[in-house]
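Visitor: I have a model open on my screen and I'd like to learn how to read it. Could you walk me through some of its features?

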Amino acid sequence: MQIIIIGNSATAVGAIESFREYDQSAEITVVSEEPHLIYSRPLLSHFLGKEIERSRLAYRPSDFYVKHSIRPILEDAVTAVEPEAHTIRTASGLSLHYDKLLICTGGTPIVPPLQGIDIPGIYTFTKLQDALSIERYIDDYPISRAVVVGGGMIGIKAANALMKRGIPLTMVELAPRILSAAMDEAGSAMLTQILAEHSVQVLTNNTVTSIHQSEGRFSGVTLRDGRELGAELLVFGIGVRPRVELAKAAGLVVNKGIVVDKFMRASAPDIYAAGDVAEAYDLVVDMNRTVAIWPNAYRQGAIAGAHMAGVDRADIGGIAMNAVEVCGVPAMSIGNGNVTGSEYEVLSEIDERSQNYKRLVLQNDRLVGALLIGNISRAGIYTGLIRHKLDVSSVRKNLLSEHFGLLSLPDQYRKHVVSGSSIEI
Ligand SMILES: Cc1cc2nc3c(=O)[nH]c(=O)nc-3n(C[C@H](O)[C@H](O)[C@H](O)COP(=O)(O)OP(=O)(O)OC[C@H]3O[C@@H](n4cnc5c(N)ncnc54)[C@H](O)[C@@H]3O)c2cc1C
């Protein structure tokens with residue numbers, strides 16, 4: 001049997017490891033347009049910030065491919081998927097047959113259509129190559145100021161890295177507040193304050209309308225409010241959109257992401273999709289949607305891998321979760337932590353001085369979301385309560401307490417957590 005995986009990241013690793021649990025004989029080919037072995041995208045900002053060596057980026061040891069009998073084809077992009085013929089085509093001219101195909105092409109960075117976007121000094125921040133290019137640019141040219149466009153998770157991570165390099169910066173965010181998808185107003189305000197204390201200028205309700213250049217290199221921007229900023233480096237950290245072009249051209253059903261069932265099967269026989277590119281089940285909102293986070297990608301890959309090997313391991317669903325450090329202060333959003341409305345009950349606690357914030361959202365006596373800034377030590381337990389949809393009415397008054405822990409929970413649940421598969425708690 002021939003297995004082909006398009007993309008060589010979290011989803012591919014999940015798929016390979018679970019597939020090989022059940023099948024050691026099939027041939028697996030991984031095709032990636034990137035030249036690198038599997039690396040951890042979440043660590044890119046720590047690498048750019050010089051907190052870790054490049055070798056720490058490796059998500060699996062370099063013998064991973066040999067150990068799992070994988071044929072990696074690197075630096076070659078898949079240009080077409082042909083479901084009828086069960087073949088894929090690549091930019092280098094290869095035509096490869098598959099019995100089962102997994103599409104895990106991730107996302108494409110969002111870049112506004114501005115003139116001059118391709119000049120030196122302007123980068124996106126989603127790939128190792130981006131981090132390497134930014135690093136080289138910083139080494140080659142003095143940077144008196146950088147502009148980071150986007151105040152979401154990727155923008156904040158890029159900003160953290162540049163701050164670690166000692167580069168003064170301005171963050172430009174189109175929404176009225178940073179991390180608006182993950183945080184509520186109080187959480188965003190606290191994080192903005194933390195950035196300001198570290199001399200980061202945060203400009204919300206604003207965006208870049210034109211790019212300036214000098215001697216062929218980036219030299220500044222004009223913003224929507226007419227303000228002009230001089231800077232030598234611009235990083236777009238707006239986010240990613242699912243990379244669905246191949247799937248669409250192949251005639252697969254695609255909404256925002258590739259539509260899949262609970263085994264990650266797409267709409268054509270023997271084709272699967274998983275990770276950032278797929279619309280899979282989110283158990284908090286009880287619907288399928290794209291959620292671009294690493295653990296979901298790995299988990300979905302593992303489900304697809306098992307099914308390709310003939311084993312039904314249905315997806316129980318994932319939870320949206322964002323974790324980011326803002327100038328050293330950890331911030332997390334789990335599930336529906338940011339919602340408002342009469343159907344929700346909100347328990348919250350804020351301490352501006354020690355920069356701690358906790359917001360728990362309950363619906364019908366179940367925890368459905370949490371926002372945490374500062375002390376995130378209860379994140380695992382809150383995630384477990386959300387995932388298991390436990391009735392928390394008996395422990396409601398303790399939920400915010402510093403002392404809330406496993407021992408606060410009903411015996412039955414505790415036993416399940418300790419002896420069950422929920423090792424993340
Ligand atoms: C800077 C950054 C920081 C992040 N930090 C966190 C974090 O802290 N926590 C967290 O949970 N998540 C984080 N994420 C998100 C996380 O990295 C993604 O959810 C995860 O990488 C998705 O994995 P994937 O396998 O679906 O796709 P990707 O990791 O996007 O990989 C897809 C791969 O497919 C390749 N590809 C695409 N099209 C083709 C083609 N036609 N032919 C060949 N190859 C192709 C791409 O080049 C890419 O290498 C971060 C993302 C970024 C960019």
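**Starting with a helix**

Guide: Happy to. This is a predicted model, and we can begin inside helix H6, where Gly187, Ser188, Met190, Leu191, Thr192 and Leu195 are buried.

Visitor: What covers the buried residues of H6?

Guide: Look around the helix for strands. The cover includes strand S11 (169-172), strand S12 (201-203), strand S22 (321-326), strand S23 (329-335), strand S25 (356-363) and strand S26 (366-373). As for H6 itself, its 13 residues, 185-197, reach 18 Å from first C-alpha to last, close to the 18 Å expected at 1.5 Å a residue. After H6 comes Ser199, with a positive phi near 65°.

Visitor: Let's try another helix. Is H8 largely enclosed or exposed?

Guide: Count the buried residues; the cut-off is 20 or more other C-beta atoms within 10 Å. In H8, 13 of the 15 residues are buried, so the rest of the structure largely encloses this helix. The length works out too: 15 residues at 1.5 Å a residue should span 21 Å, and the end C-alpha atoms of H8 are 21 Å apart. Gly310 follows H8 and has a positive phi, near 95°.

Visitor: Now the ligand. Which residues come nearest?

Guide: There are 34 residues around the ligand, and Gly7, Ser9, Arg41, Gly106 and Gly275 come nearest. Helix H1 (10-22), helix H2 (44-48), helix H5 (153-164) and helix H8 (294-308) are the elements that give two or more residues to that shell. H8 gives the most, with three residues.

Visitor: And how many residues of the shell are nonpolar, polar and charged?

Guide: The shell divides into 17 nonpolar, 11 polar and six charged residues.

Visitor: Which domains does the shell draw on?

Guide: First, the layout: the chain is divided into domain 1 (2-44 + 54-108 + 241-308), domain 2 (122-238) and domain 3 (328-419). The ligand shell draws at least three residues from each of domain 1 and domain 2. If you want a distance to check on screen, the C-alpha centres of domain 1 and domain 3 lie 33 Å apart.

Visitor: What about strands? How do S22 and S23 run?

Guide: Here's the general idea: side chains alternate between the two faces of the sheet in a regular strand. As for this pair, S22 and S23 run antiparallel and are joined by six bridges. Val324 stands opposite Ala331 in S23. The two strands form a hairpin with two residues between them, and Cys327 in the turn has a positive phi of about 50°.

Visitor: How about single residues? Why does Glu349 count as exposed?

Guide: Exposed means 12 or fewer C-beta neighbours. Glu349 has 12 inside 10 Å, so Glu349 counts as exposed. You'll find Glu349 in strand S24 (residues 345-351). Beyond its neighbours within four places in sequence, Glu349 is in contact with Lys358 and Leu400. Glu349 and Asp184 sit 165 residues apart in sequence and 13 Å apart in space, C-alpha to C-alpha.

Visitor: One last residue: where is Leu94 found?

Guide: Leu94 is in the loop between strand S5 (87-90) and strand S6 (95-97). Because Leu94 has 15 C-beta neighbours inside 10 Å, Leu94 counts as partly exposed. Leaving out residues up to four places away in sequence, Leu94 touches Asp76 and Arg89. Thr79 is 15 residues from Leu94 along the chain, and their C-alpha atoms are separated by 9.9 Å.

Definitions and conventions
Residues numbered from 1 in each chain as written. Predicted model: local features only at pLDDT ≥ 70, side-chain atom pairs only at ≥ 80, totals over all residues. Helix = DSSP H or I, 4+ residues; strand = E, 2+ residues; numbered from the N terminus. Expected span 1.5 Å × (residues − 1). Contact = placed C-beta atoms within 7 Å. Near = placed C-beta within 6 Å. Nonpolar A, V, L, I, M, F, W, Y, C, P; charged D, E, K, R; others polar. Domains from an automatic or database assignment. Pairing = 2+ DSSP bridges.
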